[in-house]
Amino acid sequence: MLPERARIGLVEDDPVMGGSILQRLELEGWHVTWWHSGGEAINGISAVSGALDLIVCDVRLPDISGELVFNAVAKIPNAPPFMFVTGFGEVDQAVRLMRSGAVDFMTKPFAMDEFLRRIETGRRTTNAELRLKGYFLGESRAIQSVEDLLHRYARHDMPVLITGETGAGKEVAARLLHQISPRGCEPFVSVNCAAIPAELLESEIFGHEKGAFTGAQRRHLGYAERAGKGTLFLDEIGDMPLSLQAKMLRLIEEGSFHRVGGEAPVTLGARIVTATHRDLANRGGAAGFREDLYFRLAVLPVTIPP
């Protein structure tokens, strides 16, 4: 049973979808306020924003978009966290909204049990409770903003790119992201791409089969395979050779890889998190970093302050 004051605001114009969500949330102990249009929601949320623990909002509404509702509510003092439900074709928009401050999004149709887990994770009190358990980066306002971003990104499987100066704590942030994610009990495998010789890096990440090259006397499982269903953290990704960047791009696009010398594909079960002190967005060209790989890695970006 959730705390007595746990309240959710629902912005949904579909009577079937809205009624189903309302019924299940009330059975779980939530107090639900349902608004059927964007304009109605903006007016209603303004009056009770401090009492709401979470808002669930459809992206497509009959009068205005869910994005306009989100932008209006974000200006209200003590605004509650925002979670979107969206159709498949609106995922790019939902990712943009997460970067702007939304805590989560789910695509329709979704399993109700997973929906309940996600709203419990995203509700207002979660970050404070996790800080009490020791899951935090620091006390300054700047670093707590980074924490808030990591909490929003933690429940997703999309790649995260962490940037910042050398020594700023990028790996610490990556470990926090892993710890507070649903993968927290799975392995966290860290690879420093700048510390491994270029000629060995492919074998270390993807592994190799026996006899793949001179000295390969037995099968070797790479970091991508050893990460299992946890997190594969590639530090200093900006130092990865161009030849290997193409294989990383294929890994992200296909969700599988081949061991060096192997023919059977191996499925990637881990989430990919990368970090760099370099400005990858401006390193195009033959000696730089692939632009297509950069955009695949930086779906959810995090910048660590100096």
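Student: What makes R24 and D113 a salt bridge?

Tutor: This is a predicted model. In it, the closest N and O atoms of R24 and D113 are 3.2 Å apart. The cut-off is 4 Å between a Lys or Arg side-chain nitrogen and an Asp or Glu carboxyl oxygen. So the pair counts as a salt bridge.

Student: Which parts of the chain does the pair of R24 and D113 tie together?

Tutor: R24 lies in helix α1 (residues 15–27) and D113 in helix α5, so parts 89 residues apart in sequence are tied together.

Student: Why is R24 called partly exposed?

Tutor: R24 has a relative accessible area of 25%. Buried means under 20% and exposed means over 50%. R24 falls in between, so the label is partly exposed.

Student: And D113, buried or exposed?

Tutor: D113 is at 55% relative accessibility. The bound for exposed is over 50%, so D113 counts as exposed.

Student: What makes R183 and D157 a salt bridge?

Tutor: Their side chains meet at 2.9 Å, N to O. That is within 4 Å, so the definition is met. R183 sits in the loop between α8 and β7, and D157 in the loop between α7 and β6.

Student: How do you know whether R183 is buried or exposed?

Tutor: R183 is at 14% relative accessibility. Under 20% is buried, so R183 is buried. D157 has 53%, and over 50% is exposed, so D157 is exposed.

Student: Why is E209 called buried?

Tutor: E209 has a relative accessible area of 17%. The limit is under 20%, so E209 qualifies as buried. E209 forms a salt bridge with R219, with the closest N and O atoms 3.0 Å apart. R219 is partly exposed at 46%.

Student: How many salt bridges lie between domain 1 and domain 2?

Tutor: There is 1 salt bridge between the two domains. The side chains of D104 and R155 meet at 3.8 Å, N to O. The cut-off is 4 Å, so this pair counts. D104 and R155 also belong to a salt-bridge network with E114, R117 and R118.

Student: Which residues make up the two domains?

Tutor: Domain 1 spans 7–122 and domain 2 spans 137–303. Their contact takes 12 residues from domain 1 and 10 residues from domain 2. About 910 Å² is buried between them, 58% of it on carbon and sulfur atoms.

Student: What makes D58 and K108 a polar contact?

Tutor: The side chains of D58 and K108 are joined at 2.9 Å. The limit is 3.5 Å between N or O atoms, so the distance fits. D58 lies in strand β3 (residues 54–58).

Student: Why is D58 called buried?

Tutor: D58 is at 5% relative accessibility. Buried means under 20%, so D58 is buried. Beyond four places in sequence, D58 is in contact with residues including V11, D13, F84 and K108.

Student: How do you know whether V273 is buried or exposed?

Tutor: V273 has a relative accessible area of 1%. The limit is under 20%, so V273 is buried. V273 lies in strand β11 (residues 271–276). Among the contacts of V273 beyond four places in sequence are A174 and L177.

Student: Which residues of helix α8 are buried?

Tutor: K170, A173, A174, L176, L177 and H178 are the buried residues of α8. Elements covering them include α7 (141–154), β6 (160–163) and β11.

Definitions and conventions. Residues numbered from 1 in each chain as written. Predicted model: local features only at pLDDT ≥ 70, side-chain atom pairs only at ≥ 80, totals over all residues. Heavy atoms only, no water. Domains from an automatic or database assignment. Contact = heavy atoms within 4.5 Å. Buried area = accessible area lost by both parts, 1.4 Å probe. Helix = DSSP H or I, 4+ residues; strand = E, 2+ residues; numbered from the N terminus. Buried < 20%, exposed > 50% of the residue type's maximum accessible area, 1.4 Å probe, protein only. Polar contact = N/O pair within 3.5 Å; in protein donor to acceptor, adjacent residues only side chain to side chain.
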